[in-house]
Amino acid sequence: MKLGYYPGCSLNGTAKEFNSSLKEVFAALNVDLEELNDWSCCGATSAHVTSHILSVALPARNLLIAKKQGLNELLAPCAACYSRLVSSQQELKLDEKMRMKVEDLLEEKVTNGLQIINLIQIFQKIGLDKLKEKKQVDISKIKAACYYGCLLVRPVDIALPDDMESPDSMEAIIKSIGGKTVDWNFKTECCGAAHSIAHTDIVEKLCKGIIDNAQKHGADVIIVACPMCHSNLDMRQLNIIKHYPDHKPIPVLYLSQLVGLSMGIDEKKLGLGVHYISTKPLLEKIKSDALPTEVKKEVPAPPVSNDKIKKGVEA
Amino acid sequence: MKNLKAKDFKQKLIAITSQDPAQCYQCGKCSAGCPVRDFAEAPPNRVVRYVQLGLYDKAMTSPTIWLCAGCQTCTSRCPQEFDLAKFMDAVRELAIAYGVKSADKKTQEFHEAFLKQIENFGRAYELGMLIDYKLKSKDFFQDVDLAPSTFSKGKLSLLPHNVKGKQQIKKIFKESGEVKK
């Protein structure tokens, strides 16, 4: 299988472990990645928050390169790039005036037909059976909270065809490689995204909420498919640890890293050593011979009487 | 106000977003699910209300437009299928075009610093962006403790990558500047 590849800026920098793990996994699955020649930034958040034309034209340059390279499918593993690429493509399709402007700027005709896919979709395409076949390591001792964030499932209708409020396609992938997942509430809550630098306090509070909910539901690890979600949940967890002394650190892995672990790929090659929150306890748990920890049976809370609700007393 | 007239605001907004703000019937479902609602002085539906009432200045000077993280939760839940995330983008773009003093300078400076690298090199250059942002915001000490580990993990490169087709990128940026005049 040959596939166009748009790594995006983050995968060459802060998310280099996303890039390396993905390449290892696809090599094992015999998927050839053909990187776009001279690709450029999609403009990310900063383009669409300040200029409409930038937000359409910057991704469009890359869509045209893909067509020139004769590619029909383009993998954009970064959820933000993915969202910008599909949004630009959609706008070029629907807005005649914008299309003409972009064609004029890039001196080329915009053509349709390129299929842009994200990490979840490529695993679905390869087939979950194939992932199951490649499984070598038992990862059933750990429980994963699948975090989709915003841009895998939105914009609705053109992004991942899954439930926008409660998606489960990532869970299906993890189950196919023998992993366990938790049911939780913050799968598609925003992590604060690009506010990481200018409003670190906001990101910290939003991420604390996400992590707390994942842990409350028994997760040992949070799985993501977006460099921005990763950097906020992993790197900004250092700020959380500083400000919340009771905080229990939780590692955050890219989906490709977990799939790679199940295939028995070397931890170093998967970039598991460059996280801010150590992945060591998690890796030890996977390797440990101990039986999976019993899930504590929660005693259902007694029904709350109407009086209590009226008085606002917590049950 | 850079050649732009206030009365053109609504027209321009509709031209950018291809939707009329009157579509919003103020149910507030967007604000109920907004992740930055707790940090913003006005909930997002109120910014739409400002525009509906012709209070364009209030909309453009609201910190809410800069706090919007672009998560699109509002857009996906709106019963009127009003694309609020797109509306926020457009109000922000017009605020810049009108030369309105930003109510959230730091966020604007961050985006400007990020885009400057794309304009210069074609790809994001994180170190350049951080230096540029720090010079603008004068926030020199934030995250300095993270720098050594980020370097040693190989997550921050010293030099930018230069895209060959930079002329095309410069042209796109030039056009975006023209739009704002």
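A salt bridge here is a side-chain nitrogen of Lys or Arg within 4 Å of a carboxyl oxygen of Asp or Glu. With that in hand, A:Glu96, A:Arg99, A:Glu103 and A:Lys109 can be read as one network of salt bridges. Keep in mind that this is a predicted model. Over all chains, the structure holds 22 salt bridges, and 7 of these links are counted between chain A and chain B. Below is a quick tour of chain B, the A–B interface, and a few spots worth a look on screen.

**Chain B as a whole**

- Chain B is helices and no strands: the count is 11 helices and 0 strands. Read from the N terminus on, its elements go α-α-α-α-α-α-α-α-α-α-α.
- The C-alpha trace of chain B spans about 50 × 35 × 30 Å along its principal axes.
- Chain B has 181 residues, and 50% of them count as buried.
- Take the contacts in chain B with a separation of 6 or more: 68% of them come from residues 24 or more positions apart.
- About 8,800 Å² of chain B is exposed, with carbon and sulfur atoms supplying 55% of that area.
- On the charge side, chain B carries 30 positive and 20 negative side chains. The centres of those two sets lie 3 Å apart.

**Where chains A and B meet**

- The size of an interface is often given as the accessible area lost when the parts come together. For chain A and chain B, that buried area is about 5,000 Å², and 59% of it is on carbon and sulfur atoms.
- Counted by residue, 59 from chain A are in contact with 55 from chain B.
- One of the salt bridges across the interface joins B:Asp143 to A:Arg236, with the closest N and O atoms 2.8 Å apart.
- Another pairs the side chains of B:Arg77 and A:Glu165, at 2.7 Å from N to O. This pair crosses between chains: B:Arg77 sits in helix α6 (residues 73–77) of chain B, while A:Glu165 is in the loop between β5 and α8 of chain A.
- Neither partner needs guesswork on exposure. B:Arg77 counts as partly exposed because its relative accessible area is 23%, and A:Glu165 is also partly exposed, at 37%.

**Salt bridges inside a chain**

- In chain A, A:Glu267 and A:Lys287 form a salt bridge, their closest N and O atoms being 2.9 Å apart. A:Glu267 lies in the loop between α12 and α13 (280–287) and A:Lys287 in helix α13, so this pair ties together parts that are 20 residues apart in sequence.
- The relative accessible area of A:Glu267 is 28%, so this residue is partly exposed. A:Lys287 has 54% relative accessibility, so it counts as exposed.
- In chain B, B:Arg92 and B:Asp89 are bridged, with 2.8 Å between the closest N and O atoms. Both belong to helix α7 (residues 84–97) of chain B and are 3 residues apart, about one turn of the helix.
- The spacing fits a simple rule: an α-helix has 3.6 residues a turn, so residues three or four places apart point the same way.
- This bridge has charged groups on buried residues. With a relative accessible area of just 1%, B:Arg92 is buried, and B:Asp89 counts as buried too, at 13% relative accessibility.

**Helix α8 of chain A**

- Helix α8 (residues 169–176) of chain A is mostly covered, with 6 of its 8 residues buried.
- The buried residues of α8(A) are A:Ser169, A:Met170, A:Glu171, A:Ile173, A:Ile174 and A:Ser176.
- Within chain A, they pack against helices α6 (119–126), α7 (128–134) and α12 (255–262), and against strands β5 (143–146), β6 (180–181) and β7 (221–224).
- After α8(A) comes A:Gly178, which has a positive phi, near 85°.

**A buried serine in chain B**

- B:Ser31 is found in helix α2 (residues 29–33) of chain B.
- Buried or exposed? B:Ser31 counts as buried, because its relative accessibility is 10% and the cut-off for buried is under 20%.
- Leaving out residues up to four places away in sequence, B:Ser31 touches B:Arg37, B:Pro43, B:Pro44 and B:Asn45.

Notes: Residues numbered from 1 in each chain as written. Chains lettered and ligands numbered in written order. Predicted model: local features only at pLDDT ≥ 70, side-chain atom pairs only at ≥ 80, totals over all residues. Heavy atoms only, no water. Helix = DSSP H or I, 4+ residues; strand = E, 2+ residues; numbered from the N terminus. Buried < 20%, exposed > 50% of the residue type's maximum accessible area, 1.4 Å probe, protein only. Contact = heavy atoms within 4.5 Å. Areas by Shrake-Rupley, 256 points an atom, 1.4 Å probe, with all protein chains shown as cover. Lys, Arg positive; Asp, Glu negative; His and termini not counted. Charge placed at Lys NZ, Arg CZ, Asp CG, Glu CD. Buried area = accessible area lost by both parts, 1.4 Å probe.
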